[in-house]
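Trainee: I would like to learn how to read a model feature by feature. Could we take one case and go through it in order?

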Amino acid sequence: MPTWLDLVEDPRGVRSIYGANSPPSLEKILLHEIVLQRDGPSAVLRFDLPEFPTSAPRKWRDQGFNVVQVGLTMIGVKDLSLTGWNHRGWASMELALQDDSLMLEVLWGSARIQVQSDAAAVTSISAYAGDLCLE
């Protein structure tokens, strides 16, 4: 069964940090933003991953970073829906292949985000010192 990293274009950055065979979970992510862009058209989701890699880059460890943040861009958006609203707590995300499209679903409390697109790409990966504890 393919993992979410098997479905995105150029997953090398994430794989180099987490290992080729250990993709980070998309359960209990902290969603920061969703940006809709006319060009593409695309939707960019920026979120924190639930676990910090055991083999994090030395520069991250030296700076005391403990949270990894990813930008995932859905490219060639065909359909998008947002129902409900939430701005607190953990979200879970799933990326799956459906026919000739990629389907992204985010469940975040009472909110549900669905994006159907031609492709997906990890367009940013960074780290910072933060706290993933939520009430």
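Mentor: We start with the overall fold, then take the sheet, the core and the backbone exceptions. Keep in mind that this is a predicted model.

Trainee: Which secondary structure elements does the protein have, and in what pattern along the sequence?

Mentor: Begin by listing elements in sequence order. The protein has 2 helices and 6 strands, and the pattern reads α-β-β-α-β-β-β-β. Its radius of gyration is 15 Å, close to the 14 Å that the globule rule gives for 135 residues, so the protein is as compact as a globular protein of that length. Along the principal axes, the C-alpha atoms fill a box of roughly 40 × 35 × 30 Å.

Trainee: What share of the contacts with a separation of 6 or more comes from residues 24 or more positions apart?

Mentor: Such residues account for 63% of those contacts. As for burial, 40% of the 135 residues count as buried.

Trainee: Next, the sheet. What is the strand order, and which strands lie at the edges?

Mentor: For a sheet, write down the order in space and then look at the ends. Here the 6 strands form an open sheet in the order β1-β2-β3-β6-β5-β4, with antiparallel pairing. The edge strands are β1 (30–37) and β4 (92–98), each of which pairs on one side only. Neighbouring strands are turned by 35° against each other on average, direction ignored.

Trainee: How many bridges join β1 to β2, and which residues stand opposite each other?

Mentor: Pairing is read bridge by bridge. Between β1 and β2 (residues 42–48) there are 7 bridges, and the two strands run antiparallel. E33 stands opposite R46, and L31 stands opposite F47. The two strands form a hairpin with 4 residues between them. On its other pairing, β2 joins β3 in the antiparallel sense, again over 7 bridges; D48 has Q69 of β3 as its bridge partner.

Trainee: Is β2 largely enclosed or largely open?

Mentor: Count its buried residues. In β2, 6 of the 7 residues are buried, so the strand is largely enclosed by the rest of the structure. Take S42, which is placed in β2: at 8% relative accessibility, S42 counts as buried. Leaving aside neighbours within four places in sequence, S42 is in contact with V35, L36, Q37, T73, M74, I75 and V77.

Trainee: How should I read the nonpolar core?

Mentor: In soluble globular proteins, nonpolar side chains tend to be buried together. The largest nonpolar core here has 34 residues, of which F47, L72, M74, M93, L95 and L104 touch the most other members. At least two core residues come from each of α1, β2, β3 (67–83), β4, β5 (101–108) and β6 (111–128). β6 gives the most, with 6 residues.

Trainee: What is L95 in contact with, leaving aside its neighbours within four places in sequence?

Mentor: L95 is in contact with W4, L7, V8, M74, L102, M103, L104 and A120.

Trainee: How many aromatic pairs are there, and how is the pair of F52 and W60 arranged?

Mentor: For ring pairs, read the centre distance and then the angle between the planes. The count comes to 2 aromatic pairs. F52 and W60 form a tilted one, 6.2 Å centre to centre with 45° between the planes. The two partners fall in separate burial classes: F52 counts as partly exposed at 25% relative accessibility, while W60 counts as buried at 8%.

Trainee: And the backbone exceptions?

Mentor: Most residues other than glycine have a negative phi, and most peptide bonds are trans. Look for departures from both.

Trainee: Which peptide bond is cis, and where is P41 found?

Mentor: The bond from G40 to P41 is cis, with omega near -25°. P41 is found in the loop between β1 and β2. In the turn of that hairpin, G40 has a positive phi of about 120°.

Trainee: Where do D10 and K28 lie, and what is the phi of each?

Mentor: D10 lies in the segment before α1 (12–18) and has a positive phi near 50°. K28 is found in the loop between α1 and β1, with a positive phi of about 60° although K28 is not a glycine. D10 is partly exposed, with a relative accessible area of 44%; K28 is partly exposed as well, at 48%.

Definitions and conventions. Residues numbered from 1 in each chain as written. Predicted model: local features only at pLDDT ≥ 70, side-chain atom pairs only at ≥ 80, totals over all residues. Heavy atoms only, no water. Pairing = 2+ DSSP bridges. Axes fitted to C-alpha atoms, helices over the stretch in contact; angles between N-to-C directions. Phe/Tyr/Trp six-rings, centres within 6.5 Å; stacked < 30°, edge-to-face > 60°. Buried < 20%, exposed > 50% of the residue type's maximum accessible area, 1.4 Å probe, protein only. Contact = heavy atoms within 4.5 Å. Core = buried A, V, L, I, M, F, W, Y, C linked by side-chain atoms within 4.5 Å. Rg over C-alpha atoms; globule rule 2.2 N^0.38 Å.
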